Amino acid sequence: AGCGGSDNGNLALHVTVSGLTKPGLILKNGDQTRAISVGETAVYFPNLIAEDSTINIEIAQQPTAAECKVDPATSTNIKANYYSALRPVVYCETDSYWLGGTVTGLTQDQLVLTVGSLTATIRPETGNSFQFASKIYDGANYGVTVLQQPAGLTCTVQNGTGTMPSGDKLDLVVTCVPNAS
C-alpha cells in the first residue's frame with residue numbers, strides 16, 4: 001500500500017479492443033467490470049491487479065447488434081505479470097444481414113445493381129428475386145443503384161436507400177420497362 005497505491009496489486013490491466021462499432025460492451029475480469037465506449041481501443045481496468053493473479057477476461061455483456069470474442073491465448077487463465085497484463089485482446093464484429101428484393105419486367109440480359117463495392121448481376125432466367133453476394137453491416141447506410149441497364153430496357157430501384165436494419169432487408173423493388181422508341 002506504499003506510494004499511495006492500494007494493496008490489490010501493482011499491474012495495470014490493459015485490453016486491446018478491435019472492431020467495436022456498436023454500444024453496450026462490458027468486459028469483466030474477476031470482480032471488476034469495465035464498460036467500453038464505441039471506438040475505444042486501449043482499455044484499462046479501474047483497479048490494479050496483483051502479480052501472479054489470474055487474468056480471465058470475459059464478456060459480461062455483448063454490444064447491441066454485434067458479437068465480441070475474447071482471444072483465449074491472451075486473456076483466459078493467464079498468470080499476471082508486467083507483460084501479460086498488457087496483452088489481452090477482444091475482437092468484435094458487427095452483425096450483418098442480406099440486402100435484396102425483386103425485379104419485374106426484366107426480359108433482356110443483363111441487369112447489374114451496385115451498393116458500394118458490391119454488385120448483383122440479374123438475368124431473366126434466374127428468376128425475379130435477388131440479393132447481393134455479401135451481407136451489409138447493421139446500421140450501415142446503403143444506396144442501391146443500377147450500374148448496367150439491360151439492352152432495350154430502363155430499370156429503376158425503389159426503396160434503394162436507407163440504413164441497414166437489424167435483420168435481412170429483402171424488400172427492394174426494381175422495375176424494368178422498355179425504352180421509348
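A residue counts as buried when its relative accessible area is under 20%. Lys-169, with a relative accessible area of 17%, is therefore buried. The model described here is predicted, and Lys-169 is one entry point into it, through a salt bridge. The side chains of Lys-169 and Asp-171 meet in this bridge, with 2.6 Å from N to O. Its acidic partner is covered to another degree: Asp-171 has a relative accessible area of 39% and is partly exposed.

The structure holds three salt bridges. In another of them, the side chains of Lys-22 and Asp-138 meet at 2.8 Å, N to O. This pair links distant parts of the chain, as Lys-22 and Asp-138 are 116 residues apart. Lys-22 is found in the loop between strand 1 (14-18) and strand 2 (26-29), whereas Asp-138 is found in the loop between strand 15 (136-137) and strand 16. Both ends of the bridge are covered: Lys-22 is buried at 15% relative accessibility, and Asp-138 is buried at 9%. A further salt bridge is formed by Glu-40 with Arg-34, whose closest N and O atoms are 2.7 Å apart.

The nonpolar interior was examined next. The largest nonpolar core has 20 residues. Within this core, Leu-99, Leu-111 and Phe-130 touch the most other members. Several strands give two or more residues to the core, namely strand 11 (99-104), strand 12 (111-115), strand 13 (118-122), strand 16 (141-148), strand 17 (153-158) and strand 19 (169-178). Apart from this core lies another, of 19 residues, with Leu-11, Leu-25, Ile-36 and Val-90 among them.

The surroundings of Leu-99 show which parts of the chain meet at this residue. When residues up to four places away in sequence are not counted, Leu-99 touches Val-115, Gln-131, Phe-132, Ile-136, Tyr-142, Val-144 and Met-164. Leu-99 also touches Leu-170 and Leu-172. The list of contacts includes Lys-169 as well, the buried lysine that meets Asp-171 in a salt bridge.

Disulfides form another set of links, and there are two of them. With bonded cysteines counted along the chain, the disulfides follow the pattern 1-2, 3-4. One disulfide joins Cys-68 to Cys-92, with an S to S distance of 2.1 Å. The link of Cys-68 and Cys-92 is right-handed, with 110 degrees about the S-S bond. Cys-68 lies in strand 7 (residues 66-70) and Cys-92 in strand 9, so that the pair, 24 residues apart, links distant parts of the chain. Cys-68 has a relative accessible area of 3% and is buried; Cys-92, at 11% relative accessibility, is buried too.

The other disulfide joins Cys-155 to Cys-176, again with 2.1 Å from S to S. The torsion about its S-S bond is about 110 degrees, so the disulfide of Cys-155 and Cys-176 is right-handed. This pair also links distant parts of the chain: Cys-155 is in strand 17 and Cys-176 in strand 19, 21 residues apart. Cys-155 is buried, with a relative accessible area of 3%, and Cys-176 is buried at 5% relative accessibility. Strands 17 and 19 are among the elements that give two or more residues to the largest nonpolar core.

Glu-67 has its place in strand 7, the strand that holds Cys-68. Unlike the buried Cys-68, Glu-67 is partly exposed, with a relative accessible area of 43%. Not counting residues up to four places away in sequence, Glu-67 touches Gln-62, Tyr-91, Cys-92, Glu-93 and Asp-95. One of these contacts, Cys-92, is the disulfide partner of Cys-68. The C-alpha atoms of Glu-67 and Ala-35 are separated by 15 Å, and the two residues are 32 residues apart along the chain.

Nonpolar side chains are also found on the surface. Tyr-44, Tyr-82 and Leu-86 form a nonpolar patch there, with about 350 Å² of accessible area together. Leu-86 is found in the loop between strand 8 (78-79) and strand 9 (89-94). At 35% relative accessibility, Leu-86 counts as partly exposed, because this class lies between the limits of 20% and 50%.

Technical notes:
Residues are numbered from 1 along each chain as its sequence is written. This is a predicted model: local features need pLDDT of at least 70, side-chain atom pairs count only at pLDDT 80 or more; totals for chains, interfaces and linings use all residues. Side-chain values use heavy atoms; hydrogens and water are left out. A nonpolar core is a set of buried Ala, Val, Leu, Ile, Met, Phe, Trp, Tyr and Cys residues joined through side-chain atoms within 4.5 Å. Buried means under 20% relative accessible area, exposed over 50%, partly exposed in between (1.4 Å probe, protein chains only). Helices (H or I, at least four residues) and strands (E, at least two) are DSSP runs, numbered from the N terminus. Contact means heavy atoms within 4.5 Å. Patches are made of residues with over 30% relative accessible area and no salt bridge: like charges are joined within 9 Å, nonpolar side chains (Val, Leu, Ile, Met, Phe, Trp, Tyr) within 5 Å. Accessible areas come from the Shrake-Rupley method with a 1.4 Å probe; for residues, only the protein chains shown count as cover. A salt bridge is a side-chain nitrogen of Lys or Arg within 4 Å of a carboxyl oxygen of Asp or Glu. A disulfide is a pair of cysteine sulfur atoms within 2.5 Å.
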